[in-house]
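Here are my notes for you on this structure. Keep the viewer open while you read, and click on each residue as we get to it.

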Amino acid sequence: MAPLLEVKDLVKYFPTYSRGIFRKKIVGNVHAVDGISFSVNESEIVGLVGESGCGKTTTGKLILYLERPTKGEILFDGKNAIEIFENGSKEEKMELRRSMQMVFQNPYASLDPRMTVFDIISEPFKIHKHVPRNEWKERVYKLLELVGLEPYHAERYPHEFSGGQRQRICIARAIAVEPRFIIADEPVSSLDVSIRAQILKLIMDLQHRLGVSYLYISHDLSSVRQISQRVMVMYLGEIVEAAPTDELFDHSIHPYTRALISAVPIPDPKRKMNIILLPGEVPSAINPPSGCRFHPRCRYATSECKEEKPSFVEVDKDHYVSCHHYAEFA
Ligand code: SF4
(Lines give C-alpha, C1' and ligand atoms only; values in the text may rest on other atoms or scores of the structure.)
Protein backbone atom coordinates (compact mmCIF):
# COMPACT_ATOMS: atom_id res chain seq x y z
CA MET A 1 0.00 0.00 0.00
CA ALA A 2 1.29 3.48 -0.86
CA PRO A 3 2.30 5.59 2.16
CA LEU A 4 -0.05 8.34 3.34
CA LEU A 5 2.79 10.87 3.44
CA GLU A 6 5.96 10.83 1.36
CA VAL A 7 8.69 13.40 1.83
CA LYS A 8 11.36 13.46 -0.85
CA ASP A 9 14.66 15.31 -0.62
CA LEU A 10 13.14 18.13 1.44
CA VAL A 11 15.35 21.19 1.96
CA LYS A 12 14.84 24.38 3.94
CA TYR A 13 17.50 27.10 4.06
CA PHE A 14 16.90 30.31 5.97
CA PRO A 15 19.00 33.17 4.59
CA THR A 16 21.20 35.17 6.96
CA TYR A 17 21.79 38.86 6.27
CA SER A 18 24.63 41.35 6.77
CA ARG A 19 23.86 44.31 9.01
CA GLY A 20 24.42 47.08 6.45
CA ILE A 21 22.75 50.45 7.11
CA PHE A 22 21.18 50.87 3.68
CA ARG A 23 21.05 47.47 2.06
CA LYS A 24 20.60 44.06 3.56
CA LYS A 25 22.73 41.47 1.80
CA ILE A 26 22.36 37.70 2.03
CA VAL A 27 25.63 36.42 3.44
CA GLY A 28 24.80 32.77 4.09
CA ASN A 29 22.11 30.22 4.84
CA VAL A 30 21.02 28.30 7.90
CA HIS A 31 20.75 24.72 6.67
CA ALA A 32 17.72 23.89 8.83
CA VAL A 33 16.60 20.84 6.84
CA ASP A 34 18.97 19.43 4.26
CA GLY A 35 17.67 16.79 1.89
CA ILE A 36 15.56 14.52 4.06
CA SER A 37 13.32 11.75 2.71
CA PHE A 38 10.87 9.57 4.61
CA SER A 39 7.32 8.26 4.60
CA VAL A 40 4.47 7.74 7.06
CA ASN A 41 1.95 4.96 6.45
CA GLU A 42 -1.78 4.96 7.17
CA SER A 43 -2.45 4.60 10.90
CA GLU A 44 1.24 4.66 11.80
CA ILE A 45 3.12 6.70 14.40
CA VAL A 46 6.62 7.67 13.27
CA GLY A 47 8.92 9.30 15.82
CA LEU A 48 11.37 12.04 14.87
CA VAL A 49 14.07 12.61 17.47
CA GLY A 50 17.17 14.75 17.87
CA GLU A 51 18.61 17.60 19.92
CA SER A 52 17.09 21.09 19.92
CA GLY A 53 17.82 22.96 16.71
CA CYS A 54 18.37 19.82 14.58
CA GLY A 55 15.45 20.69 12.26
CA LYS A 56 12.62 18.58 13.71
CA THR A 57 10.11 21.38 14.16
CA THR A 58 11.02 22.95 10.81
CA THR A 59 10.31 19.59 9.18
CA GLY A 60 6.81 19.59 10.70
CA LYS A 61 6.16 23.16 9.57
CA LEU A 62 7.35 22.40 6.03
CA ILE A 63 4.95 19.47 5.73
CA LEU A 64 2.04 21.73 6.72
CA TYR A 65 3.38 24.57 4.54
CA LEU A 66 3.69 26.83 7.56
CA GLU A 67 7.16 27.36 6.11
CA ARG A 68 7.84 27.32 2.37
CA PRO A 69 10.30 24.56 1.41
CA THR A 70 13.41 25.64 -0.46
CA LYS A 71 13.39 22.39 -2.44
CA GLY A 72 11.87 18.94 -2.40
CA GLU A 73 8.58 17.17 -2.75
CA ILE A 74 5.79 16.32 -0.31
CA LEU A 75 3.15 13.84 -1.43
CA PHE A 76 0.04 13.44 0.70
CA ASP A 77 -2.22 10.60 -0.35
CA GLY A 78 -0.34 10.60 -3.65
CA LYS A 79 -1.01 14.31 -4.32
CA ASN A 80 1.67 16.99 -4.58
CA ALA A 81 1.01 18.97 -1.37
CA ILE A 82 3.38 21.87 -2.13
CA GLU A 83 1.76 22.35 -5.53
CA ILE A 84 -1.71 22.38 -3.92
CA PHE A 85 -0.68 24.88 -1.22
CA GLU A 86 0.88 27.15 -3.85
CA ASN A 87 -1.40 26.84 -6.87
CA GLY A 88 -4.40 24.72 -5.86
CA SER A 89 -7.99 25.92 -5.70
CA LYS A 90 -9.42 27.17 -2.40
CA GLU A 91 -11.31 23.87 -2.01
CA GLU A 92 -8.16 21.79 -2.59
CA LYS A 93 -6.21 23.83 -0.02
CA MET A 94 -9.01 23.57 2.56
CA GLU A 95 -9.26 19.82 2.00
CA LEU A 96 -5.51 19.41 2.55
CA ARG A 97 -5.53 21.66 5.63
CA ARG A 98 -8.33 19.52 7.04
CA SER A 99 -6.41 16.30 6.42
CA MET A 100 -3.22 17.45 8.16
CA GLN A 101 -3.25 19.01 11.63
CA MET A 102 -0.64 20.00 14.21
CA VAL A 103 -0.58 19.78 18.00
CA PHE A 104 1.96 22.19 19.47
CA GLN A 105 4.31 21.89 22.40
CA ASN A 106 2.80 24.55 24.62
CA PRO A 107 -0.88 24.06 25.44
CA TYR A 108 -0.78 27.30 27.48
CA ALA A 109 0.08 29.44 24.46
CA SER A 110 -1.92 27.65 21.77
CA LEU A 111 -5.42 28.29 23.17
CA ASP A 112 -7.13 31.68 22.99
CA PRO A 113 -7.86 32.66 26.63
CA ARG A 114 -10.96 34.67 25.57
CA MET A 115 -12.72 31.71 23.97
CA THR A 116 -14.70 28.99 25.75
CA VAL A 117 -13.74 25.39 25.10
CA PHE A 118 -16.92 25.05 23.03
CA ASP A 119 -15.87 27.96 20.79
CA ILE A 120 -12.32 26.61 20.48
CA ILE A 121 -13.38 23.11 19.47
CA SER A 122 -16.23 24.23 17.19
CA GLU A 123 -14.11 26.87 15.40
CA PRO A 124 -12.92 24.33 12.76
CA PHE A 125 -16.61 23.52 12.00
CA LYS A 126 -17.07 27.20 11.16
CA ILE A 127 -13.97 27.28 8.94
CA HIS A 128 -14.36 23.98 7.13
CA LYS A 129 -18.17 23.83 7.17
CA HIS A 130 -18.12 20.04 7.41
CA VAL A 131 -20.56 19.84 10.35
CA PRO A 132 -24.09 21.35 10.17
CA ARG A 133 -24.68 24.08 12.80
CA ASN A 134 -27.37 22.07 14.61
CA GLU A 135 -24.88 19.23 15.21
CA TRP A 136 -22.06 21.33 16.71
CA LYS A 137 -23.07 20.80 20.33
CA GLU A 138 -23.38 17.05 20.02
CA ARG A 139 -20.06 16.87 18.11
CA VAL A 140 -18.18 19.01 20.66
CA TYR A 141 -19.46 16.79 23.50
CA LYS A 142 -18.37 13.70 21.59
CA LEU A 143 -14.90 15.14 21.00
CA LEU A 144 -14.60 16.06 24.68
CA GLU A 145 -15.53 12.52 25.59
CA LEU A 146 -12.98 11.13 23.11
CA VAL A 147 -10.18 13.08 24.77
CA GLY A 148 -11.31 12.19 28.30
CA LEU A 149 -13.09 15.45 29.27
CA GLU A 150 -16.70 16.07 30.35
CA PRO A 151 -19.53 17.90 28.52
CA TYR A 152 -19.68 20.58 31.25
CA HIS A 153 -16.07 21.54 30.39
CA ALA A 154 -17.38 23.05 27.14
CA GLU A 155 -18.53 26.25 28.84
CA ARG A 156 -15.25 26.89 30.64
CA TYR A 157 -12.22 28.95 29.64
CA PRO A 158 -8.66 27.62 29.10
CA HIS A 159 -7.29 29.19 32.32
CA GLU A 160 -9.63 26.95 34.34
CA PHE A 161 -7.75 23.82 33.19
CA SER A 162 -4.49 22.09 34.08
CA GLY A 163 -1.71 21.69 31.48
CA GLY A 164 -2.74 18.11 30.69
CA GLN A 165 -6.39 19.09 30.26
CA ARG A 166 -5.39 21.97 27.98
CA GLN A 167 -3.38 19.60 25.80
CA ARG A 168 -6.49 17.39 25.60
CA ILE A 169 -8.45 20.44 24.40
CA CYS A 170 -5.75 21.10 21.75
CA ILE A 171 -6.01 17.48 20.60
CA ALA A 172 -9.85 17.71 20.51
CA ARG A 173 -9.53 20.82 18.33
CA ALA A 174 -7.08 19.03 16.02
CA ILE A 175 -9.31 15.97 15.55
CA ALA A 176 -12.47 18.11 15.14
CA VAL A 177 -11.73 18.28 11.40
CA GLU A 178 -11.32 14.48 11.19
CA PRO A 179 -7.69 14.64 10.01
CA ARG A 180 -5.85 11.64 8.63
CA PHE A 181 -2.46 12.89 9.79
CA ILE A 182 -1.32 14.84 12.86
CA ILE A 183 2.08 16.35 13.55
CA ALA A 184 2.53 16.27 17.31
CA ASP A 185 5.45 18.57 18.14
CA GLU A 186 6.75 17.84 21.65
CA PRO A 187 3.14 17.48 22.86
CA VAL A 188 4.09 16.31 26.37
CA SER A 189 7.36 18.10 27.06
CA SER A 190 5.77 20.97 29.01
CA LEU A 191 3.59 18.64 31.10
CA ASP A 192 4.15 16.98 34.48
CA VAL A 193 5.48 13.42 34.29
CA SER A 194 2.24 12.03 35.73
CA ILE A 195 0.19 13.69 32.99
CA ARG A 196 2.53 12.72 30.14
CA ALA A 197 1.53 9.06 30.22
CA GLN A 198 -2.15 10.02 29.94
CA ILE A 199 -1.59 12.20 26.87
CA LEU A 200 0.58 9.53 25.21
CA LYS A 201 -2.16 6.98 25.86
CA LEU A 202 -4.70 9.36 24.33
CA ILE A 203 -2.54 9.73 21.19
CA MET A 204 -2.32 5.94 20.84
CA ASP A 205 -6.07 5.52 21.50
CA LEU A 206 -6.89 7.95 18.71
CA GLN A 207 -4.52 6.12 16.39
CA HIS A 208 -6.42 2.87 17.04
CA ARG A 209 -9.96 4.29 17.20
CA LEU A 210 -9.80 6.83 14.38
CA GLY A 211 -6.91 5.44 12.30
CA VAL A 212 -4.98 8.71 12.54
CA SER A 213 -1.30 8.70 11.51
CA TYR A 214 1.23 10.82 13.39
CA LEU A 215 4.64 12.33 13.01
CA TYR A 216 5.63 12.45 16.68
CA ILE A 217 8.42 14.99 17.18
CA SER A 218 10.33 14.83 20.44
CA HIS A 219 13.72 14.99 22.09
CA ASP A 220 12.47 12.52 24.70
CA LEU A 221 13.40 9.04 23.54
CA SER A 222 11.41 7.27 26.27
CA SER A 223 8.10 8.64 24.99
CA VAL A 224 9.13 8.01 21.39
CA ARG A 225 9.85 4.38 22.21
CA GLN A 226 6.52 4.06 23.97
CA ILE A 227 4.30 5.17 21.12
CA SER A 228 6.12 4.97 17.77
CA GLN A 229 6.22 2.11 15.31
CA ARG A 230 9.24 3.56 13.53
CA VAL A 231 11.82 6.13 14.60
CA MET A 232 14.03 8.54 12.66
CA VAL A 233 17.04 10.26 14.21
CA MET A 234 17.92 13.72 12.99
CA TYR A 235 21.24 15.53 13.35
CA LEU A 236 21.99 19.00 12.00
CA GLY A 237 19.26 18.98 9.34
CA GLU A 238 19.77 15.39 8.16
CA ILE A 239 18.27 12.01 9.06
CA VAL A 240 21.19 9.84 10.16
CA GLU A 241 19.34 6.65 11.13
CA ALA A 242 15.82 5.26 10.77
CA ALA A 243 14.40 1.89 11.76
CA PRO A 244 11.41 0.11 13.32
CA THR A 245 11.31 1.16 16.99
CA ASP A 246 12.60 -2.00 18.70
CA GLU A 247 15.28 -2.47 16.05
CA LEU A 248 16.49 1.09 16.57
CA PHE A 249 16.60 0.88 20.36
CA ASP A 250 18.08 -2.62 20.50
CA HIS A 251 20.43 -2.51 17.50
CA SER A 252 21.28 1.11 16.83
CA ILE A 253 24.30 1.62 14.60
CA HIS A 254 25.02 5.32 14.19
CA PRO A 255 27.32 6.65 16.96
CA TYR A 256 24.96 9.63 17.45
CA THR A 257 21.91 7.37 17.92
CA ARG A 258 23.90 5.25 20.37
CA ALA A 259 24.83 8.32 22.39
CA LEU A 260 21.20 9.48 22.54
CA ILE A 261 19.96 6.05 23.59
CA SER A 262 22.69 5.70 26.23
CA ALA A 263 21.25 8.75 28.01
CA VAL A 264 17.70 7.35 28.29
CA PRO A 265 17.01 6.69 32.01
CA ILE A 266 16.69 2.98 32.92
CA PRO A 267 13.82 2.26 35.38
CA ASP A 268 15.96 -0.28 37.29
CA PRO A 269 18.21 1.05 40.08
CA LYS A 270 20.40 -2.09 39.93
CA ARG A 271 21.37 -1.52 36.30
CA LYS A 272 24.19 0.90 35.66
CA MET A 273 23.82 3.46 32.89
CA ASN A 274 26.73 3.82 30.50
CA ILE A 275 26.15 7.28 29.15
CA ILE A 276 28.18 8.09 26.04
CA LEU A 277 29.24 11.72 26.36
CA LEU A 278 29.64 13.57 23.10
CA PRO A 279 32.44 16.13 22.99
CA GLY A 280 31.70 19.72 22.00
CA GLU A 281 28.52 21.43 20.94
CA VAL A 282 26.28 20.88 17.92
CA PRO A 283 28.10 22.80 15.13
CA SER A 284 26.50 25.82 13.47
CA ALA A 285 23.87 25.04 10.83
CA ILE A 286 25.11 28.10 8.88
CA ASN A 287 28.33 26.39 7.99
CA PRO A 288 27.83 22.66 8.64
CA PRO A 289 30.91 20.41 8.77
CA SER A 290 32.07 18.78 5.55
CA GLY A 291 31.62 15.06 4.88
CA CYS A 292 29.69 13.44 7.72
CA ARG A 293 28.22 16.34 9.73
CA PHE A 294 28.72 14.38 12.92
CA HIS A 295 32.49 13.93 12.43
CA PRO A 296 33.69 16.73 14.80
CA ARG A 297 31.94 14.93 17.69
CA CYS A 298 32.46 11.32 16.61
CA ARG A 299 35.19 9.33 18.29
CA TYR A 300 35.37 6.96 15.29
CA ALA A 301 35.84 9.67 12.66
CA THR A 302 38.42 8.98 9.94
CA SER A 303 39.71 11.17 7.11
CA GLU A 304 37.03 9.64 4.85
CA CYS A 305 34.36 10.87 7.30
CA LYS A 306 35.74 14.41 7.13
CA GLU A 307 35.80 14.51 3.35
CA GLU A 308 32.95 12.40 2.02
CA LYS A 309 29.29 12.54 2.86
CA PRO A 310 28.06 9.03 3.77
CA SER A 311 25.07 7.60 1.86
CA PHE A 312 21.87 6.65 3.64
CA VAL A 313 21.90 2.87 3.13
CA GLU A 314 19.54 0.06 4.13
CA VAL A 315 21.56 -2.23 6.40
CA ASP A 316 18.70 -4.50 7.48
CA LYS A 317 15.00 -4.65 6.66
CA ASP A 318 13.71 -1.04 6.98
CA HIS A 319 16.84 -0.11 8.93
CA TYR A 320 18.73 2.78 7.29
CA VAL A 321 21.88 4.48 8.45
CA SER A 322 24.20 7.18 7.21
CA CYS A 323 27.71 6.21 8.32
CA HIS A 324 30.82 5.15 6.36
CA HIS A 325 31.72 2.60 9.01
CA TYR A 326 28.31 1.08 9.70
CA ALA A 327 29.57 -2.45 9.04
CA GLU A 328 31.99 -2.13 11.99
CA PHE A 329 29.21 -0.99 14.37
CA ALA A 330 26.45 -3.38 13.26
FE1 SF4 B 1 31.33 8.78 12.81
FE2 SF4 B 1 32.40 8.61 10.40
FE3 SF4 B 1 30.20 7.28 10.91
FE4 SF4 B 1 30.14 9.92 10.72
S5 SF4 B 1 30.62 8.49 9.09
S6 SF4 B 1 29.16 8.70 12.27
S7 SF4 B 1 32.10 10.46 11.60
S8 SF4 B 1 32.18 6.96 11.87
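The points below go through the model's basics, the cores, one helix and the ligand.

1. First, the basics: this is a predicted model, so local features need pLDDT of at least 70 and side-chain atom pairs count only at pLDDT 80 or more, while totals for chains, interfaces and linings use all residues. Residues are numbered from 1 along each chain as its sequence is written, and side-chain values use heavy atoms, with hydrogens and water left out.

2. Have a look at the largest nonpolar core (buried Ala, Val, Leu, Ile, Met, Phe, Trp, Tyr and Cys residues joined through side-chain atoms within 4.5 Å; buried is under 20% relative accessible area with a 1.4 Å probe, protein chains only). It has 59 residues, and Ile 121, Leu 143, Ile 169, Ile 171, Ile 203 and Tyr 216 touch the most other members. Helix α6 (residues 163-175) gives the largest share, 6 residues; helices here are DSSP runs of H or I, at least four residues, numbered from the N terminus. A second, separate core has 32 residues, including Leu 48 and Met 234.

3. Now pick Leu 143. Beyond its neighbours within four places in sequence, it is in contact (heavy atoms within 4.5 Å) with Ile 121, Phe 125, Ala 172, Ile 175 and Ala 176.

4. Helix α4 (residues 117-128) has Ile 121 and Phe 125 among its buried residues. The buried residues of α4 pack against α3 (90-99), α5 (136-146) and α6. After α4 comes Lys 129, with a positive phi near 55°.

5. Which residues are around the ligand? Among them are His 254, Cys 292, Cys 298 and His 325, with a heavy atom within 4 Å of the ligand.

Note on methods
Buried means under 20% relative accessible area, exposed over 50%, partly exposed in between (1.4 Å probe, protein chains only). Helices (H or I, at least four residues) and strands (E, at least two) are DSSP runs, numbered from the N terminus.
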